[in-house]
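Me: I would like to go through the terms used for this protein one by one. Please set each value against its definition.

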Amino acid sequence: NDNVAGTLNLAAAVRDAGVRRFVFVSTISVYGFDRPAEVDEDTPIEPFAGKYPYARSKVEAERGLRALELQDTELVIARLGSVFGPGSTLWTLRPARLMADSITGMILVDHGRGTQNCIYIDKPSAALIDLAFLEDAAGQTVNVTHDVMSYEEFFSAYVERASSKVRMRKVSKSTGLALGAILATTAKLLGREPLATPLAVRVICARYRVSSERLDRLRPNAERVSFDEGMDRSVDWLREQG
């Protein structure tokens, strides 16, 4: 897996070159689906047992980095939340396309009660730069998130700003899982990327708040873009994209 082997090869090259610090970009998905209501960096990470290849690869890469003898190179692990904003495919462009779809529209599984731990797109970049240089960040694992809300609140923010008609409806978790299975199977037969899968349904049904307190302590004076401002910028960008 490139996420694992590539990461470990790069870390070894950095170590051999005498680079002072290696910042690895991971994901809050390493915590899994069935976690405590409140999650922080000390919460055990979930191996996923093959159910979510991307998250599993990040778990394996994190463990491999900790097992690697980095000598004088300091390791920092940054677990990013859901990144939205201009250029974000997963949490900006794709939701807009789904909402505008005359057939499916945006479907809020489990009535949109799952928890979204998100961050506006320019903040992770600034945080990663800081984590590369802040003295107190050495050896730390840090959640890089900002806003916490339900998926209903998150997607409704797009709807409220839309200048054209969009569709959003709510279904139960069981209905969502069934729809995900149908869409995944149909897409596979047609050779297309699925609009949804049972795994994606499980992701957006998970309910837990990811703490960003450690990041806030490391960067107490960091400039922040509010969720509303980030959404305004996101919708402006979507309009520019047509």
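**Cavities, sheets and rings**

Reply: The second largest cavity is lined by Ile 107, Leu 108, Val 109, Gly 112, Tyr 151, Phe 155 and Ile 204. Two or more of the lining residues come from each of β5 (106-109) and α5 (151-161), and β5 gives the most, with three residues. The model is a predicted one, in which local features need pLDDT of at least 70 and side-chain atom pairs count only at pLDDT 80 or more, while totals for chains, interfaces and linings use all residues. Residues are numbered from 1 along each chain as its sequence is written, and side-chain values use heavy atoms, with hydrogens and water left out.

Me: What makes a space a cavity, and what makes a residue part of its lining?

Reply: On a 1 Å grid over the protein atoms alone, a cavity is a set of points where a 1.4 Å probe fits but cannot get out, and lining residues have an atom within 4 Å of a point. Rolling a probe the size of a water molecule over the atoms shows where empty space is left. By this rule there are two cavities of 30 Å³ or more.

Me: What volumes do the largest cavity and the second largest cavity have?

Reply: The largest cavity has about 90 Å³ and the second largest about 30 Å³. A volume here is the space filled by probe spheres set on the points, with grid points joined across faces, edges and corners.

Me: How many residues of the lining of the second largest cavity are nonpolar, polar and charged?

Reply: Six are nonpolar, one is polar and none is charged. Nonpolar covers Ala, Val, Leu, Ile, Met, Phe, Trp, Tyr, Cys and Pro; charged covers Asp, Glu, Lys and Arg; the others, Gly among them, count as polar. The lining of the largest cavity divides into four nonpolar, two polar and five charged residues. Among its residues are Lys 123, Asp 216, Arg 219, Glu 223 and Arg 224. Helices α4 (122-133) and α8 (213-218) each supply at least two residues to that lining.

Me: How do you know that β1 and β3 pair?

Reply: Strands pair if DSSP finds at least two bridges between them. β1 and β3 have seven, in the parallel sense, so the rule is met. One of the bridges sets Val 23 opposite Val 76 in β3. Strands and helices are themselves DSSP runs, numbered from the N terminus: E over at least two residues for strands, H or I over at least four for helices. β3 (residues 74-80) also runs parallel to β7, with four bridges, and Arg 79 stands opposite Asn 143 in β7.

Me: Why are β1 and β7 said to stand at the edges?

Reply: The open sheet has the order β1-β3-β7. β1 (21-27) and β7 each have a single partner strand, so one side of each is left without a neighbour in the sheet. The twist averages 25° from one strand to the next, taken between axes, which are lines fitted to C-alpha atoms, with angles from 0 to 180 degrees between N-to-C directions.

Me: What makes both faces of β7 count as covered?

Reply: In a regular strand the side chains alternate between the two faces of the sheet. In β7 (residues 141-144), Thr 141 and Asn 143 on one side and Val 142 and Val 144 on the other are all buried. Buried means under 20% relative accessible area, with exposed over 50% and partly exposed in between (1.4 Å probe, protein chains only).

Me: Why is the pair of Phe 84 and Tyr 120 called edge-to-face?

Reply: Rings of Phe, Tyr and Trp (its six-membered ring) pair if their centres lie within 6.5 Å; planes under 30 degrees apart count as stacked, over 60 as edge-to-face and the rest as tilted. There are 11 such pairs. For Phe 84 and Tyr 120 the values are 5.7 Å centre to centre and 65° between the planes, hence edge-to-face. Phe 84 lies in strand β4 (residues 82-84) and Tyr 120 in strand β6 (residues 115-120), so the pair ties together parts that are 36 residues apart in sequence. Phe 84 counts as buried at 0% relative accessibility, and Tyr 120 does at 5%. The two residues are also bridge partners.

Note on methods
1 Å grid on protein atoms, 1.4 Å probe; cavity = no way out; pocket = protein on both sides within 12 Å on 5 of 7 lines; lining within 4 Å.
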